[in-house]
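Student: I should like to examine a protein model through its local geometry, its packing and its surface. May we proceed residue by residue?

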Amino acid sequence: FFTPYNGYLTLLFSTLLAWGWVKPYFKSKQPERIKKIFYSLFPILILFLPLTPLIFIKTSLPPHIWDEAVYHYISPYKLFNELTWHFRNLYDNVPRLLDTAYISLFALTKSYAPARLLHFFVYFTSLSSVYLFVKKYLGVFAGLLVFSVLTYLQIPLLIQSTWGYVDLGVTAFITFSLLSLVEYYIKKDINLIYFSLLFISLGLGTKYNALAPFLVISSLFLTQIIFEKHLKNIKAIKFLITILASLGLGGYWYIKNWIVTGNPIFPFFFNCKIPGCGVGQSFFDW
């Protein structure tokens, strides 16, 4: 928010943030797990192979769709001349987690292709997760069938995943959250609720339409710990870390909105310091 856009600064900051997690990441043998998961994805990678030329072409395009050219992607002029993030209008204030990642990648590489690839990979990872989930409980054939339907019968969505629009990104985060929630009800492992909250926080930081599933997941979480007497299983430090991580993964947008505008979900529902807030604000007029 307060420094000029700089790809190398972003890379340094991200590396410093990640450093504290490197040791536990390798200690818990995550690279080996990822390697095994990659091998288990081999059937859908083969299935997806005919569509890779399409993805290559779509991710190579310059900004050309309305909103991605207006505000999702940063212009070279703005990148080189704007010294801080301005909170002047609707699109500067709504949650912009993925947009921030787009800006960082463009600042680092001077190309829009990595931003398009990021959005595509987020979406493709959600399809892969659905495949693994269905495969785990219903078998390989069912998993391949679901993946085929979601991919080949939804080509427009696949193309949209290469756009700067964040809709499919937030849908992917919601999907991860819901899969974690369903897995919790199967396994009764309270850690899966934490994962669900973390994933939905990424969605909250990306777009407001993650608010509805967030309220559902939070309600279920509270119901579980109160009525099923899971309160004793909730470790205070882990719960606190989850809340702080949720704020760091996307919740900070709502704190920022509250400080800047007086409305955490600016400009919807509540009045605030600047004009155009509340139920009757002009966003819906068109």
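Student: Where is lysine 188 placed?

Tutor: This is a predicted model, in which local features need pLDDT of at least 70 and side-chain atom pairs count only at pLDDT 80 or more, while totals for chains, interfaces and linings use all residues. Residues are numbered from 1 along each chain as its sequence is written, and side-chain values use heavy atoms, with hydrogens and water left out. Helices (H or I, at least four residues) and strands (E, at least two) are DSSP runs, numbered from the N terminus. On that numbering, lysine 188 is in the loop between α12 and α13.

Student: Is lysine 188 buried or exposed, or does it fall in between?

Tutor: Buried means under 20% relative accessible area, exposed over 50%, and partly exposed in between, with a 1.4 Å probe and protein chains only. Lysine 188 has 45% relative accessibility, so it counts as partly exposed.

Student: What is phi of lysine 188?

Tutor: Lysine 188 is a residue other than glycine, yet its phi is positive. The value is near 60°.

Student: Where is lysine 29 placed, and is it buried or exposed?

Tutor: Lysine 29 also has a positive phi, near 60°. It is in the loop between α1 (7-27) and α2 (30-40). Its relative accessibility is 54%, so lysine 29 counts as exposed.

Student: Which residues does a cis peptide bond join?

Tutor: Omega of this bond is about 0°. One partner, proline 267, is found in the segment after α15. The bond joins phenylalanine 266 and proline 267.

Student: Why is the pair of tryptophan 85 and tryptophan 253 edge-to-face?

Tutor: Rings of Phe, Tyr and Trp (its six-membered ring) pair if their centres lie within 6.5 Å; planes under 30 degrees apart count as stacked, over 60 as edge-to-face and the rest as tilted. The structure holds 20 such aromatic pairs. In this one the ring centres are 5.8 Å apart, and the pair is edge-to-face because the planes are at 70°.

Student: How many residues apart are tryptophan 85 and tryptophan 253?

Tutor: Both tryptophan 85 and tryptophan 253 are buried. Tryptophan 85 is in the loop between α6 (76-81) and α7 (90-93), whereas tryptophan 253 is in helix α15 (residues 236-261). The pair thus links distant parts of the chain, 168 residues apart.

Student: Which residues form one aromatic cluster with Phe120 and Phe121?

Tutor: Phenylalanine 120 and phenylalanine 121 form a tilted pair, 5.4 Å centre to centre with 50° between the planes. Phenylalanine 120 is buried at a relative accessible area of 5%, whereas phenylalanine 121 is partly exposed at 46%. The cluster joins these two with Phe48, Phe124 and Phe147.

Student: Which residues have the most contacts inside the largest nonpolar core?

Tutor: A nonpolar core is a set of buried Ala, Val, Leu, Ile, Met, Phe, Trp, Tyr and Cys residues joined through side-chain atoms within 4.5 Å. The largest has 43 residues, and the elements that give two or more residues to it are α8 (97-109), α9 (113-138), α12 (167-187), α13 (191-204), α14 (211-227) and α15. The residues with the most contacts inside it are Ile193 and Tyr208.

Student: How many residues are in the second, separate core?

Tutor: This core includes Ile44, Phe48, Tyr123 and Phe124. Its size is 13 residues.

Student: With which residues is threonine 242 in contact, leaving aside neighbours within four places in sequence?

Tutor: Threonine 242 is in helix α15, and it is buried because its relative accessible area is 7%. Contact means heavy atoms within 4.5 Å. The residues in contact with threonine 242 are Tyr194, Leu197 and Leu198.

Student: What is the relative accessibility of isoleucine 241?

Tutor: Isoleucine 241 is in helix α15. It counts as partly exposed. The value is 45%.

Student: How far apart in space are phenylalanine 227 and histidine 86?

Tutor: Phenylalanine 227 lies in helix α14, and at 65% relative accessibility it counts as exposed. In sequence, phenylalanine 227 and histidine 86 are 141 residues apart. Their separation in space, C-alpha to C-alpha, is 45 Å.
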